Amino acid sequence: MSHLLEERPTAPATDATWWRQAVVYQVYPRSFADSDGDGIGDLPGITAHVPHLRRLGVDAVWLSPFYPSALADGGYDVDDHRAVDPRIGTLAQFDDLVTALHAAGIRLVVDIVPNHSSDRHRWFQAALAAGPGSPERERYVFRRGLGADGERPPSDWTSVFGGPAWEPVGDGDWYLHLFAPEQPDWNWDHPDVRADHLETLRFWADRGVDGFRIDVANALTKHLTATLPSAEELRAADLPDGAHPYFDRDEVHEVYAAWREVFDSYDPPRTAVAEAWVPAHRRARYASPLGLGQAFNFDLLLARFDAATYRTVVEENLRFARDAESSSTWVLSNHDVVRHASRFALPPGTDEKAWLLSDGHDPEPDVAGGLRRARAATAFVLALPGSAYLYQGEELGLPEVSDLPRADLQDPTWLRSGGTEKGRDGCRVPLPWSADGPSHGFGPGGSHLPQPSWFADVAADRQDGIPGSTLEFYRTALAVRRRLQTVEELSWVEGTPEGAVQFTRPGGWTCLTNFGPDPVPLPAGRVVLCSGELGSDLVPADTTVWLEDEPGRPSA
Ligand code: NOJ
């Protein structure tokens with residue numbers, strides 16, 4: 001196959017299609033940058049680092065929740081969806097952030113958490129006060145307990161964080177919380193709930209927000225029969241699609257059809273991406289242009305670093321995205337999983353939860369190898385058609401902080417699991433911006449989760465301008481991607497040596513990743529990016545290289 005440079009089919013991102021192949025950078029606000037020294041990241045802290053994001057070359061920022069919250073689940077327990085947590089800032093500071101991002105050419109996506117509120121939400125407090133049978137309780141999923149006085153839970157369901165999914169309120173009623181007890185589930189059959197969320201979407205869209213990331217998009221609507229199925233019945237492998245009482249019900253798409261009307265009432269239309277842990281064949285409905293428009297594909301969070309696995313994941317997901325009339329998404333890290341530099345430092349098949357419980361010592365990670373593979377995987381993903389979601393700190397090559405003292409853990413998983421799962425705090429440790437300073441440049445004070453001393457070695461200021469550093473590698477990768485970006489197509493190059501995967505994008509952009517242990521020959525073309533050290537004509541193990549056709553010369 002051969003492409004001449006001048007033939008490169010460009011895929012100009014318009015105001016309406018910017019998201020299709022965007023690089024979206026996730027900011028976890030409490031851990032990004034702290035302007036006032038209280039140890040908690042805030043909106044002015046993010047605004048102050050817009051130059052970093054611009055230099056990095058991202059197209060959009062996705063802000064995890066910054067709403068008022070008791071932090072029972074890192075902010076995903078929302079007290080008021082149309083306000084800013086005073087510890088994080090003010091609405092005026094939010095507007096400043098929007099202005100600064102837009103001035104830098106960066107769009108903004110905010111997190112919407114529609115399955116549950118916090119137990120401090122005014123409507124939940126009203127429901128508690130109003131008592132059984134009241135209209136106030138109908139906005140949530142309250143149900144009479146079993147037994148003469150309602151003393152037993154309505155079912156034996158367990159929450160995602162462990163422990164029972166029903167909480168008693170002391171008057172015979174119990175409420176459903178698929179996550180922590182501080183996160184009561186909304187009743188999506190209630191018109192108030194539907195209307196209130198539409199108002200929330202408009203509230204942020206009116207403030208200039210460009211898109212939304214939808215938390216647990218596959219929950220929301222529920223079908224609770226008079227007799228509830230048992231937890232074991234729900235686990236049955238042969239449960240037909242859409243038959244689960246609270247996950248992935250078909251009715252949820254009616255909710256998103258109504259949201260789509262709101263999105264499309266703006267110019268340009270607002271975008272959305274669904275966090276929906278559903279079987280791959282059910283993902284298209286969430287990604288449909290009649291619904292949210294795009295859905296996360298988390299396959300690479302679970303995939304082994306292996307040529308055949310990566311190729312299969314890409315083939316399947318490009319097909320799913322096409323079927324949904326959407327673009328594919330690629331995710332290697334986020335605030336819920338062990339950072340990919342650490343995942344790839346562990347032998348395949350390692351139980352990551354057990355590894356965290358060993359404080360990161362059993363097994364000992366291959367730190368250098370993990371970073372090498374993480375960079376190779378990142379470059380592979382960034383060459384694919386579709387949008388790439390990056391997680392704050394991965395541009396520094398940050399590994400997981402696996403030895404956080406137990407006394408400092410904040411994730412509800414830790415307590416709810418009875419100390420058998422350390423949870424997700426290790427990827428949420430405040431970022432090291434500088435080698436020195438009270439919290440490595442995170443802010444003028446401390447940091448709400450303790451930073452390890454080795455953060456000094458990986459701090460942004462230690463990597464800035466240093467050729468070969470992970471930060472410079474990301475900057476180059478994003479700049480080259482922007483220049484070579486083309487239509488959403490890919491062609492596999494067959495016959496590559498075992499362990500290597502190679503594909504081309506229209507217009508003369510070739511990507512080769514060597515997942516195997518042995519070096520493989522460097523394809524023809526001009527090298528424009530390499531995730532590691534390149535031999536003169538060999539691509540070493542765990543390395544990705546991008547090449548561009550040289551004018552007048554055929555490509556690989
Ligand atoms: C998914 C979010 O990513 C996670 O952080 C949160 O704990 C749950 N949804 C519950 O909101």
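Start by selecting Asp-42: this residue is buried yet has no salt bridge. Its nearest side chain of opposite charge is Arg-87, 10 Å away. Keep in mind throughout that this is a predicted model.

**Stop 1: around Asp-42**

Where does Asp-42 sit in the chain? Look in the loop between strand S1 (23-27) and helix H1 (43-48). Now show the contacts of Asp-42, leaving out residues up to four places away in sequence. Pro-29, Ala-33, Asp-34, Ser-35 and Asp-36 appear, and so do Arg-87 and Ile-88.

**Stop 2: strand S3**

Next, select residues 107-112, which form strand S3. Is strand S3 largely enclosed or left open? Of its 6 residues, 5 are buried, so the rest of the structure largely encloses this strand.

Add strand S2, residues 60-63. S2 and S3 run parallel and are joined by 4 bridges. For one pair to zoom in on, pick Trp-62, whose bridge partner in S3 is Val-109. Then trace the chain from S2 to S3: the path goes through helix H3 (residues 91-103). This β-α-β crossover is right-handed.

Now bring in strand S7, residues 211-214. S7 pairs with S3 over 4 bridges, again in the parallel sense. Here, Asp-111 lies opposite Arg-213 of S7.

**Stop 3: Arg-107**

Stay on strand S3 and select Arg-107. Which residues does Arg-107 contact, apart from neighbours within four places in sequence? Show Asp-15, Trp-18 and His-102, then Asp-59, Ala-60 and Val-61, and finally Asp-210.

Before moving on, draw a distance from the C-alpha atom of Arg-107 to that of Arg-143. The two residues are 36 residues apart along the chain, and the distance is 42 Å.

**Stop 4: the three-stranded sheet**

Go to the open sheet of 3 strands, ordered S4-S6-S5. The pairing is antiparallel. Which strands stand at the edges? Select S4 (142-144) and S5 (166-168). Each has a single partner strand, so one side of each lacks a neighbour in the sheet. Look along the sheet for the twist: neighbouring strands are turned by 35 degrees against each other on average, direction ignored.

Finish with S5 and S6. S6 covers residues 173-176, and 3 bridges join S5 to this antiparallel strand. Last selection: Glu-167, with Tyr-175 of S6 standing opposite.

Key. Residues numbered from 1 in each chain as written. Predicted model: local features only at pLDDT ≥ 70, side-chain atom pairs only at ≥ 80, totals over all residues. Heavy atoms only, no water. Pairing = 2+ DSSP bridges. Helix = DSSP H or I, 4+ residues; strand = E, 2+ residues; numbered from the N terminus. Axes fitted to C-alpha atoms, helices over the stretch in contact; angles between N-to-C directions. Buried < 20%, exposed > 50% of the residue type's maximum accessible area, 1.4 Å probe, protein only. Right-handed = clockwise from strand over helix to strand, strands pointing away. Lys, Arg positive; Asp, Glu negative; His and termini not counted. Salt bridge = Lys/Arg side-chain N within 4 Å of Asp/Glu carboxyl O. Contact = heavy atoms within 4.5 Å.
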